[in-house]
Amino acid sequence: MSQWSNNNPAQDRFHYWLSYWNLLISLVSRDIRARYRRTFLGPLWAIIPAILATVIFSFLSGLVSVDTEGAPRLAFTFAATVPWTFFQSTAVRIPHGVLGNGALLRKMPVPRQIFPVVVLLTTFFDFLMSFVVLVVTLQLLSIPITSAWLWLPLLIFMTGLLGWVVGIGVAAFTIYRRDLLHGMQHLMQVWLILTPVIYSAKELESGLQLVHSLNPAVGIIDGFRRVLVFGQPPDVALLVSSMVITCAGLAVAYPLYRILSQYFTDVV
Amino acid sequence: MNQDANQTVSDTDFAIAVTDVWKRYGLPLRPYLRRQFDRLRGHDVSDRSAYGPWALREVSFEVKKGESLGIVGKNGAGKSTLLKLIAGVSPATFGQVHVNGRLFPMIELAAGMHSDLSGRENIKLLGAIMGFTPRQMEEKIPVVEDFAELGEWLDKPVWQYSSGMQARLGFSVAVNVDADILLIDEVLSVGDVNFQKKCLNRMDELSNSGVTIIFVTHNPYAIERLCERAIYVREGRIAASGTPADILSAYFLKSMDKSTVITGTDVLSADQREGTGAFRVTGITMHDVLSGDEITAFSTGDSVDFRIALNVKEPVKAYGFSLRIVDPANTIVSYVMVPMSSRSALALERDSVLQCRIENINLLPGQYWIDVMARELVGPVIDSVSYAYSFNIHGNLQVIEQMGTRGIVYLPASWKLLEDGKAGAVS
């Protein structure tokens, strides 16, 4: 069938990846700098979403008297909201990020796989900022840092991966039809309700057993909360099921994105 | 994956090889299913054309390293699609595109710029897209900035730029980042004359230093000046390929609307023409100066008589009359007008034939058109016919030897070698 090849003698394999690495860094720094350029609050916007969400969720959680298992309500909600915001903004922003770079994609031979990674890195930047605020808050509430925090790198990785998989899946479909792009916000609201962010995972376990075991976000969000607030290790069984489901999603979404994104310039 | 293909082609010295490329926009699934369905029903599915619409079909060509190729064609003919395929931003439906070297596509202006970032930041970004490391870009940035002549604007965000300034920035990057292959799509039309000149000069330089240039434009003289070869794309196919001069005349002949060419007696029936109609041009013929025989063609350097038949409705004492000679590229190559001194001798009372003798028409071989215009000395147009007459000029050996087919006019020239030291200031 069709092929486009560029055999540039000056570019061996190493330089090829190196040039993509440089491009990745340039695009991430472009997005981080450009995003807040015409704003009053500037980089504060990196942490505002997570903080606002925490305020709202704490209010809701207090309103319906959610059982926080003895933890301060603010810590209980904040610890879940920060990773949730990371996951959600990654998933939502990837399709927009791909579409938003349409002008670039239409004119420059840029690898299409790079844009979801760019979005992931910028949302990760936001996550790190919010995470610092979270840690400071936990200290103020005198919640200790324990050895359970060693689970955090894995949890953060799984959050990013899940958001990335959902993001490229939606982006791939968006190249074909725009429905998911419009429905994304609503989808994420439903997902939020089915995830123990406002309430505790125990209530989901006793109420909606199926969702509890099939929603890959449950193990991750609950894991963050256990580690950060209660100093306990996460529920490993839940994490494994989350990992399996995420990888299954990856196996579908990535090839789909790879194939469909070639036609990106044809249909956008 | 393409290892074998790369091996075989890297031996040759081509920069771009396009082999039997077909392009259909949109996702390929539906046409594929339609074709499979037809196959199941026992239809003949060997004809690809039925599974279109095709933006490009059966396109094959090669561009050698260091060659500069012009692409002409009407809007929608497939020029930009072709560039996108070469640039690798859009996949070919069938066929292969091989690119050999570092490529910089300038498809539309402001290629790949981010409007919230400053000009300088955008230069770095474009460099990164081109695959340069930040350190490599450090060396190039001053050159690019110099070339762009944007001054303090470089620190302002690109959304504040005019389209001309965006083009300046994009173009400055394109011609200063050591690309092996430049794709340039109709970007020279923006920007002021000086910058255009600078760009053309720079592209000449690049072309001479071995950079391959693919150039899409509607400006025929830019192609003639810059390109060694041209292709004419029509309805998604390569309609012709050859020297720029040949291709441009093929293009303009095709794109000229035939119905506007009124020759001989056609003029009689044209009542809808503009003008007061005090008299009307009813026909034009061309005659040999010596014999007076009617001719339709002559050779470069010959003299001819144009006889313009006029149907006079009311006497006109003095009027302005002009013939405009137009070449296939729609450029006015010459203009002949009745001089003030002869006006009184040409007063019209009844139907007459006006003769205009033009001596030594030193135009290059090719087809030309004549526009006729008559007007009152002060005031309105009497009659005006565009493409009223068409004639051919044949080349003679002398002309071809002297200048090939380049340029517009033939200037008879002779050459000789002077003794040493007599050439004056030329050293």
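Before I read out the order of elements, let me say that helices here are DSSP runs of at least four residues, marked H or I, and strands are runs of at least two, marked E, numbered from the N terminus. With that in hand, chain A reads along its sequence as β-α-α-α-α-α-α-α-α-α-α-α-α, which comes to 12 helices and one strand. Please keep in mind throughout that this is a predicted model.

On confidence, the mean pLDDT of chain A is 86, and 93% of its residues reach 70 or more. Within that chain, strand β1(A), residues 3-6, has the lowest mean pLDDT of its elements, at 59, while helix α6(A), residues 152-176, has the highest, at 94. As a general caution, where pLDDT is low, the predicted coordinates should not be read in detail.

Turning to overall form, the C-alpha atoms of chain A fill a box of roughly 65 × 40 × 35 Å along the principal axes. The radius of gyration of chain A is 20 Å, which agrees with the value near 18 Å for a compact globule, because that is what one would have with 268 residues. Of those 268 residues, 40% are buried, and among the contacts in chain A between residues at least 6 apart in sequence, 76% join residues at least 24 apart.

One helix of chain A is worth a pause, namely α10(A), residues 216-230. Its 15 residues should span 21 Å at 1.5 Å a residue, and its end C-alpha atoms are indeed 21 Å apart. Is this helix enclosed or open to the outside? Of its 15 residues 14 are buried, so α10(A) is largely enclosed by the rest of the structure. Just after the helix comes Gly231(A), with a positive phi of about 65°.

Chain B has 11 helices and 18 strands. Of its 427 residues, 36% count as buried, and 72% of the contacts in chain B between residues at least 6 apart in sequence join residues at least 24 apart.

Let me take the strands of chain B in two groups. In the first, four strands form an open sheet with antiparallel pairing, in the order β11-β10-β13-β16. The edge strands of that sheet are β11(B), residues 294-295, and β16(B), residues 352-358, each of which pairs on one side only. Strand β13(B), residues 304-312, is joined to β16(B) by seven bridges, and Ala309(B) has Val353(B) as its bridge partner in β16(B).

The second group centres on β14(B), residues 319-326, which runs antiparallel to β17(B), residues 366-376, with eight bridges between them; here Phe321(B) is partnered by Ala374(B). Strand β14(B) also pairs with β15(B), residues 332-337, in the antiparallel sense over five bridges, with Ile332(B) as the bridge partner of Val326(B). These two strands, β14(B) and β15(B), form a hairpin with five residues between them, and in the turn Asn330(B) has a positive phi of about 65°.

Finally, the nonpolar cores. The largest has 137 residues, and those touching the most other members are Ala79(A), Ile86(B), Leu182(B), Leu183(B), Ile214(B) and Phe215(B). Helix α3(A), residues 73-100, gives the most to this core, with 13 residues. A second, separate core of 20 residues includes Leu310(B), Leu323(B), Ile325(B) and Val372(B). Returning to Leu183(B), its contacts, leaving out residues up to four places away in sequence, include Leu83(B), Ile86(B), Leu103(B), Met106(B) and Ile214(B).

Definitions and conventions: Residues are numbered from 1 along each chain as its sequence is written. Chains are lettered from A and ligands numbered from 1 in the order in which they are written. This is a predicted model: local features need pLDDT of at least 70, side-chain atom pairs count only at pLDDT 80 or more; totals for chains, interfaces and linings use all residues. Two strands pair if DSSP finds at least two bridges between them. pLDDT is the predictor's confidence in each residue, from 0 to 100. A residue is buried if 20 or more other C-beta atoms lie within 10 Å of its own, exposed if 12 or fewer, and partly exposed in between; C-beta atoms are placed from the backbone. Two residues are in contact if their C-beta atoms, placed from the backbone, lie within 7 Å. The radius of gyration is taken over C-alpha atoms; the globule rule is 2.2 Å times the number of residues to the power 0.38. A nonpolar core is a set of buried Ala, Val, Leu, Ile, Met, Phe, Trp, Tyr and Cys residues joined through C-beta atoms within 7 Å. The expected span of a helix is 1.5 Å times one less than its number of residues.
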